[in-house]
Amino acid sequence: MSNSVRDRWANDVLPSLSGLVEIPALSPVFDKDWAKTGQLDAAIDHVKAWLAEREIPGAAIDVVRLGNRSPVLLLDVPATEGAEDKGTVLLYGHLDKQPPVGGWSDGLGPWKAVVEDGKLYGRGSADDGYAGYAATVAMEALRANGGAHARAVVLLETGEESGSPDLPAYLEHLSDRLGEVTFVVCLDSGGNDYDRLWLTTSLRGLAQVHVTARVLDSAQHSGLASGVVPSSFRVLRNLIERIENSATGEILLAECNVEVPANRREEIAATAEVSPGGSRGTFPLNGSTRPVADDEIELLLGNSWRPTLSVIGASGFPEPADAGNVLREATTLALSFRLPPTADSASALAAIEKALTTDVPYSATIEITSTEHADGWNAPATAPWLADALGKVSDEVFGQPWRAVGLGGSIPFMGLLGEKYPRAQFLVTGALGPDSNAHVPDEWLHLDQARRVTEAVAHILDAHARS
């Protein structure tokens, strides 16, 4: 099967995927006029045309649109003979992209597909334009080599980078059409290296809030007002200290913390063993800056199962060069909380809001806006057939044992599916690595890893059909 996958990637996938990279299909949150600019539709049309060229008997292609929501592209492939009773396999990816951002290296650009040293550069190459191609090629190669698969639906959305706000409506709309989903494959992830298959077994949830502390109706001379009027920034510092220990980063609210499951601790220990120092070496720390802990296991736990707070935005401040001696009337901070996979995000957000608005220092006016929350996801126990298949592809495709990671980020789709299909098995994987530069300049796809992941998916689809 390896040669079949390699040939299809070289001859069929790479030319079309390169064309997809060149489409500036910004996610709706970054392109409010996406329906007019037409780039999301261009991405849909581009992949749809490629799918129409595939020779999969009985396959149906459909673009689903609900009102003003961003569209969804579906490829519906009937089961091979004998696997009709295995339910539906749902294979997920997305076609929308992050903004281009500046700082790309010479010769590279967000909308310019460049293949160099086994890498495909360009926005959306790794995150995660390749997913629909990989899922389709996996089925093609499987069929060409006498393999089996259940009925399979490839679902490619166009709002993932916006938090998948339209996906619940589409899942509800497509519920009867999808039927009983027994296996979910998500190719919007990756791991710590390009040597093995990496499974994502948990995703953190999130809570976000914009909080404003207002102390004056209008700004005043700081020499006259300070010492009489409290600083709005100090008020916020005081409130945030109720939530986060600034010395350690520990989140103090019980609603934001959970007990880490024993199986996830075991996975983290195994990951630390095969990639020692992986977390410490992932990010370009400036100067003598150190990570928050020296122990690799503590870093992995901190990034996957412990809550964190990041101040991701602020307003009410002038640029330093423009700052006069003024006691400002208000300060606004955008607070982004990452929550453990099994935390109740609604309860966590309620606790955060309560901490920010109760017994406010100096009775300053507190305004809470732009609240958002989403639950995380923790994979169900691995079924024997999937465990056996993972061992097989690890030996035959990668030559290295598979490992698991918990991602610090969120894929809202997984939480939605986990809730809707509680009996389904999940394979959350992908070709992203620690230096693939998703969301930042010089994004690139490791082509050999993408091919290996494609082959692995084919083998695992076959194992599911025969389970």
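Start by selecting arginine 54 and tryptophan 50 in this predicted model: arginine 54 lies over the face of tryptophan 50, at 4.2 Å from the ring centre. Tryptophan 50 itself is buried, with a relative accessible area of 4%.

Keep tryptophan 50 on screen and widen the view to the aromatic pairs, of which the structure holds five. One of them is formed by tryptophan 50 and tyrosine 133, whose ring centres are 4.6 Å apart and whose planes meet at 65°, an edge-to-face arrangement. If you colour by position along the chain, this pair links distant parts of it, since tryptophan 50 belongs to helix H3 (residues 39–52) and tyrosine 133 to helix H4 (residues 125–144), 83 residues apart. Tyrosine 133 has a relative accessibility of 1% and so, like any residue under 20%, counts as buried.

Next, select phenylalanine 233 and phenylalanine 317, where the ring centres are 6.0 Å apart and the planes stand at 80°, so that this pair too is edge-to-face. Here again distant parts of the chain are linked, with phenylalanine 233 in helix H8 (residues 232–241) and phenylalanine 317 in the loop between strand S11 (308–315) and strand S12 (326–327), 84 residues apart. Both rings belong to partly exposed residues: phenylalanine 233 has a relative accessible area of 34%, and phenylalanine 317 has one of 41%.

For another charge placed over a ring, go to lysine 119, which lies over the face of tryptophan 444 at 4.2 Å from the ring centre.

Now turn to the backbone and display strands S15, S8 and S16, which form, in that order, an open sheet of three strands with mixed pairing. Strand S15 (377–378) and strand S16 (403–407) are the edge strands, each having a single partner strand, so one side of each is left without a neighbour in the sheet. Strand S8 (residues 198–203) runs antiparallel to S15 and is joined to S15 by two bridges; to find one of these contacts, select leucine 203, whose bridge partner in S15 is tryptophan 377.

Finally, zoom out to the whole chain, which contains 14 helices and 18 strands. Its radius of gyration is 24 Å, close to the 23 Å that the globule rule gives for 467 residues, so the chain is as compact as a globular protein of that length. The C-alpha trace spans about 80 × 50 × 45 Å along its principal axes, and 52% of the 467 residues count as buried. With a surface display switched on, the chain exposes about 20300 Å², of which carbon and sulfur atoms supply 47%.

Notes: Residues numbered from 1 in each chain as written. Predicted model: local features only at pLDDT ≥ 70, side-chain atom pairs only at ≥ 80, totals over all residues. Heavy atoms only, no water. Pairing = 2+ DSSP bridges. Helix = DSSP H or I, 4+ residues; strand = E, 2+ residues; numbered from the N terminus. Phe/Tyr/Trp six-rings, centres within 6.5 Å; stacked < 30°, edge-to-face > 60°. Buried < 20%, exposed > 50% of the residue type's maximum accessible area, 1.4 Å probe, protein only. Lys NZ or Arg CZ within 6 Å of the ring centre and 35° of its normal. Rg over C-alpha atoms; globule rule 2.2 N^0.38 Å. Areas by Shrake-Rupley, 256 points an atom, 1.4 Å probe, with all protein chains shown as cover.
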